[in-house]
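User: I should like to learn how to read the features of a structural model, one at a time. Please give me the general idea in each case and then apply it.

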Amino acid sequence: MSGSSQYEAGVCNIGGSERRRRRRYAAVAVAVAIVYLVVALVSSLPTLLLVGLFVPLAIGFEMALQARQAFCASLALSGEYAFDDERRQVADPDARRTDRAAGLKFTVLGIAGGAVTTTLVYGIVTLL
């Protein structure tokens with residue numbers, strides 16, 4: 001886990017308040033996924049609709065990862081970083097490329113986490 005409070009290309013681009021915001025986003029996304037799952041299980045909806053869990057789970061995974069690693073993918077893609085509730089531009093082109101690559105990695109990991117978890121839940125529910 002990164003504990004830095006300074007910008008470091010591809011490693012750290014958000015401070016404490018941004019990390020807390022992402023933790024809240026992750027918690028809300030997971031809560032939405034749980035509510036969705038419960039509604040799908042107690043209603044007569046087709047089991048196939050469980051694939052809808054993917055969206056909140058992918059968001060939740062990515063936001064939790066961003067909070068843990070102190071790195072925001074969307075800021076990286078926009079060439080910015082944020083500390084102490086203040087956004088600044090990344091001036092160095094090499095740092096911007098490094099940030100974009102790291103941001104893409106975080107997004108792919110979030111998508112993978114959402115996909116794997118959705119697949120596991122779907123598989124378990126269809127076996128029951």
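User: Which residues does UniProt list for "transmembrane region"?

Analyst: The model is predicted, whereas this annotation comes from a record: the unreviewed UniProt entry lists residues 25-42 and 106-125. The annotation may be inferred rather than shown by experiment. Such a listing can be set beside the coordinates. Residues 25-42 are 100% helix and 0% strand, with end C-alpha atoms 26 Å apart. Residues 106-125 are likewise 100% helix and 0% strand, and there the end C-alpha atoms lie 28 Å apart.

User: How many helices and strands does the protein chain have, and what pattern do they follow?

Analyst: There are four helices and two strands, and along the sequence they follow the pattern α-α-α-β-β-α. The C-alpha trace spans about 55 × 25 × 20 Å along its principal axes. Of the 128 residues, 36% count as buried. Among contacts between residues at least 6 apart in sequence, 71% join residues at least 24 apart.

User: How should a single helix be read, taking helix 2 as the case?

Analyst: An α-helix has 3.6 residues a turn, so residues three or four places apart point the same way. Helix 2 covers residues 54-69, which makes 16 residues. From first to last C-alpha it reaches 22 Å, close to the 22 Å expected at 1.5 Å a residue. Its buried residues are Pro56, Leu57, Ala58, Gly60, Glu62, Met63, Gln66 and Ala67. The cover over the buried residues of helix 2 includes helix 1 (16-42), helix 3 (73-78) and helix 4 (93-127). Just after helix 2, Ala70 takes a positive phi of about 60°.

User: How many disulfides does a search of the whole structure find?

Analyst: A disulfide is a covalent bond between the sulfur atoms of two cysteines. The search finds zero.

User: Why is Cys12 not bonded to Cys72?

Analyst: The closest cysteine sulfur to that of Cys12 belongs to Cys72, and it is too far for a bond because the distance is 11 Å; the cut-off is 2.5 Å. Cys72, for its part, is in no disulfide. Cys12 is buried, at a relative accessible area of 0%. Cys72 also counts as buried, at 1% relative accessibility.

User: How do strand 1 and strand 2 run, and how many bridges join them?

Analyst: Strand 1 (residues 80-83) and strand 2 (residues 86-89) run antiparallel and are joined by four bridges. Ala82 has Arg87 as its bridge partner, and Phe83 has Glu86. The two strands form a hairpin with two residues between them, and in the turn Asp84 has a positive phi of about 55°.

User: Are the residues on the two faces of strand 1 buried or exposed?

Analyst: Both faces are covered. Glu80 and Ala82 on one side are buried, as are Tyr81 and Phe83 on the other.

User: How many aromatic pairs does the structure hold?

Analyst: A pair of aromatic rings is described by the distance of the centres and the angle of the planes. The structure holds three such pairs. In one of them, the rings of Tyr81 and Phe83 have their centres 6.0 Å apart and their planes at 55°, so the pair is tilted. Ring pairs link Tyr7, Tyr81 and Phe83 into a cluster.

Terms used. Residues numbered from 1 in each chain as written. Predicted model: local features only at pLDDT ≥ 70, side-chain atom pairs only at ≥ 80, totals over all residues. Heavy atoms only, no water. Expected span 1.5 Å × (residues − 1). Buried < 20%, exposed > 50% of the residue type's maximum accessible area, 1.4 Å probe, protein only. Contact = heavy atoms within 4.5 Å. Pairing = 2+ DSSP bridges. Phe/Tyr/Trp six-rings, centres within 6.5 Å; stacked < 30°, edge-to-face > 60°.
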